[in-house]
Amino acid sequence: MSRFTFLSAGESHGPALTVIVTGMPAGVRLDRERMNRDLARRQHGYGRGGRMKIERDELEVTAGVRGGETIGSPVSVLIRNRDFDNWRGAMDPWEIDAAEANKRRVHAPRPGHVDLIGGMKYDRRDLRDILERASARETASRVAAGAFAKELLRAFGIEIRSGVVSVGPAGDPEYAPTWEELGAVDDDSPLRAVNREQEAAMIAEVDRAREAGETLGGTIVTAARGVPIGLGSYGQWTEKLDGRIAQAILSIHAVKAVAIGDGVANARRIGSEVHDPIGFDEERRYYRTSNRAGGLEGGVTNGEDVVVRVSMKPISTLRRGLPSVDTETHEPHRSQWERSDVTAVPACGVVCEAMLAVVLADAMREKFGGDSLGEMKRNYEAYVASVRSY
Ligand code: EPS
């Protein structure tokens, strides 16, 4: 298959996550360490709960790769859930222990989560059957698929970065970081903040939320550089790349708003202060003197950085619980809590990078095709030469 896509399966406390990736051409050399580093980056972040002390996510590639190089067949990957050992009695695929399962039974759905509607929709009385798959544990699969997408993009000089610009009320959700500022984000810093001066205030907000049994959301900016002119199309609504990026990012757990470039701020400006002037010189050929459009015009990439601003709501699992109803007695009951993150905004940034990579890799496969990396590159180079001569 030439399109880049992935499917995943796996419950949060089940044995493992399984990811099948299609569309990797043959001949892409993979950097295992770099790929696993992305999985580790996603696990990191101030405000994460006890679960991340248990897991040590790692790619276990079971198909499609030989000697560190893709061979053109579908790729499959396992990511084991170490926590399964503690959940076997309640989550084993074949035999569960009634007392264990009962201890883990979920009957007070969380407002903001899919617990209640999932139970009604799939007719499951133990809401654990819903939350296990709806859990953001699934985002490890996205980062695994994204790691393959990034390796492919890297072969074309495309790089993706991200950083956190706000957590709860701290920071500035409208701040527009430069590419260099995103490059300077320290993955080992507590919150992967773009502005390190604001990080102390962000940490204080996380501490305050933790003490109060609350949770926090925030804002992330992710961007891609080196994207060729002309990915996506204005021809059909399904082909517009801005829409495809928005769908991919909006499907990430707790993400509730996505803007391309200065999309939100532009709504308050006059036209001449929004649209990016076109310039030309022999070296750069056509270029823009600003990038408020975030690298996309008419749903097509224009060669500037693709920039996406992402708003994440606070996690719906609160230690203090929220007003809800016991689905067994129909009496009022606060939503249940066992353990959770106070915030996962830094992790979400890594997931956003992965999903942006997946969409861009797919758009590259769509445009340049090929069964091997060599063939894809020849198509790419011929096209880039044609665009440069325009
Ligand atoms: C999650 C709840 C927490 C998070 C989890 C997502 O897990 P647990 O219920 O086991 O404490 O830690 O995130 C991950 C496991 C992960 O890998 O990101 C939820 O309900 O969405």
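Two strands are taken to pair if DSSP finds at least two bridges between them, and in this predicted model that rule applies to strands E11 and E12. Strand E11, residues 278-281, is joined to strand E12, residues 285-288, by four bridges, and the two run antiparallel. The connection between E11 and E12 is a hairpin that passes through three residues. Within this pairing, Phe 280 stands opposite Tyr 286 of E12.

The side chains of that opposed couple also form a ring pair. Under the criterion for aromatic rings, the count comes to five aromatic pairs. The ring centres of Phe 280 and Tyr 286 are 4.9 Å apart and the planes stand at 65°, so this pair is edge-to-face, since planes over 60 degrees apart are classed that way. Both partners are open to the surroundings in part: Phe 280 counts as partly exposed because its relative accessibility is 38%, and Tyr 286 counts as partly exposed because its relative accessibility is 45%.

Elsewhere, ring pairs link Phe 156, Phe 368, Tyr 380 and Tyr 383 into a cluster. Tyr 383 has a charged neighbour as well, for the charged end of Lys 367 sits over the ring of Tyr 383, at 3.9 Å from its centre. A similar description holds for Tyr 46, whose ring lies beneath the charged end of Arg 210, here with 5.4 Å to the ring centre.

Turning to the sheets, one of them is an open sheet of four strands in the order E1-E2-E6-E3, with antiparallel pairing. Its edges are strand E1 (5-9) and strand E3 (60-63), each of which pairs on one side only. On average, and with direction ignored, neighbouring strands of this sheet are turned by 25° against each other. Three bridges hold the antiparallel pairing of E3 with strand E6, residues 75-80, and in that pairing Glu 60 stands opposite Leu 78 of E6.

Helix H7 lies across E1, strand E2 (16-22), E3 and E6, and its direction makes an angle of about 30° with E2. The helix comprises 16 residues, numbered 139-154, and spans 22 Å from its first C-alpha to its last, close to the 22 Å expected at 1.5 Å a residue. H7 is mostly covered, given that 15 of its 16 residues are buried.

A second open sheet consists of five strands in the order E8-E7-E9-E15-E10, again with antiparallel pairing. At its edges are strand E8 (170-171) and strand E10 (255-260), each pairing on one side only. Inside the order, seven bridges join strand E9, residues 218-225, to strand E15, residues 306-312, and these two run antiparallel; one of the matched positions is Ala 224, whose bridge partner in E15 is Val 306. Helix H9, residues 199-211, lies across strand E7 (159-167) and E8, and runs at about 65° to E7.

A last stop is Arg 334, which is found in strand E17, residues 332-334. This residue is partly exposed because its relative accessible area is 42%, a value between the limits of 20% and 50%. When residues up to four places away in sequence are not counted, Arg 334 touches Ala 108, Arg 320, Gly 321, Leu 322, Pro 323 and Ser 324. Val 345, by contrast, is eleven residues from Arg 334 in sequence and 25 Å from it in space, C-alpha to C-alpha.

Methods
Residues are numbered from 1 along each chain as its sequence is written. This is a predicted model: local features need pLDDT of at least 70, side-chain atom pairs count only at pLDDT 80 or more; totals for chains, interfaces and linings use all residues. Side-chain values use heavy atoms; hydrogens and water are left out. Contact means heavy atoms within 4.5 Å. Axes are lines fitted to C-alpha atoms, for helices over the stretch in contact, and angles run from 0 to 180 degrees between N-to-C directions. Rings of Phe, Tyr and Trp (its six-membered ring) pair if their centres lie within 6.5 Å; planes under 30 degrees apart count as stacked, over 60 as edge-to-face and the rest as tilted. Buried means under 20% relative accessible area, exposed over 50%, partly exposed in between (1.4 Å probe, protein chains only). A charge sits over a ring if NZ of Lys or CZ of Arg is within 6 Å of the ring centre and within 35 degrees of the ring normal. The expected span of a helix is 1.5 Å times one less than its number of residues.
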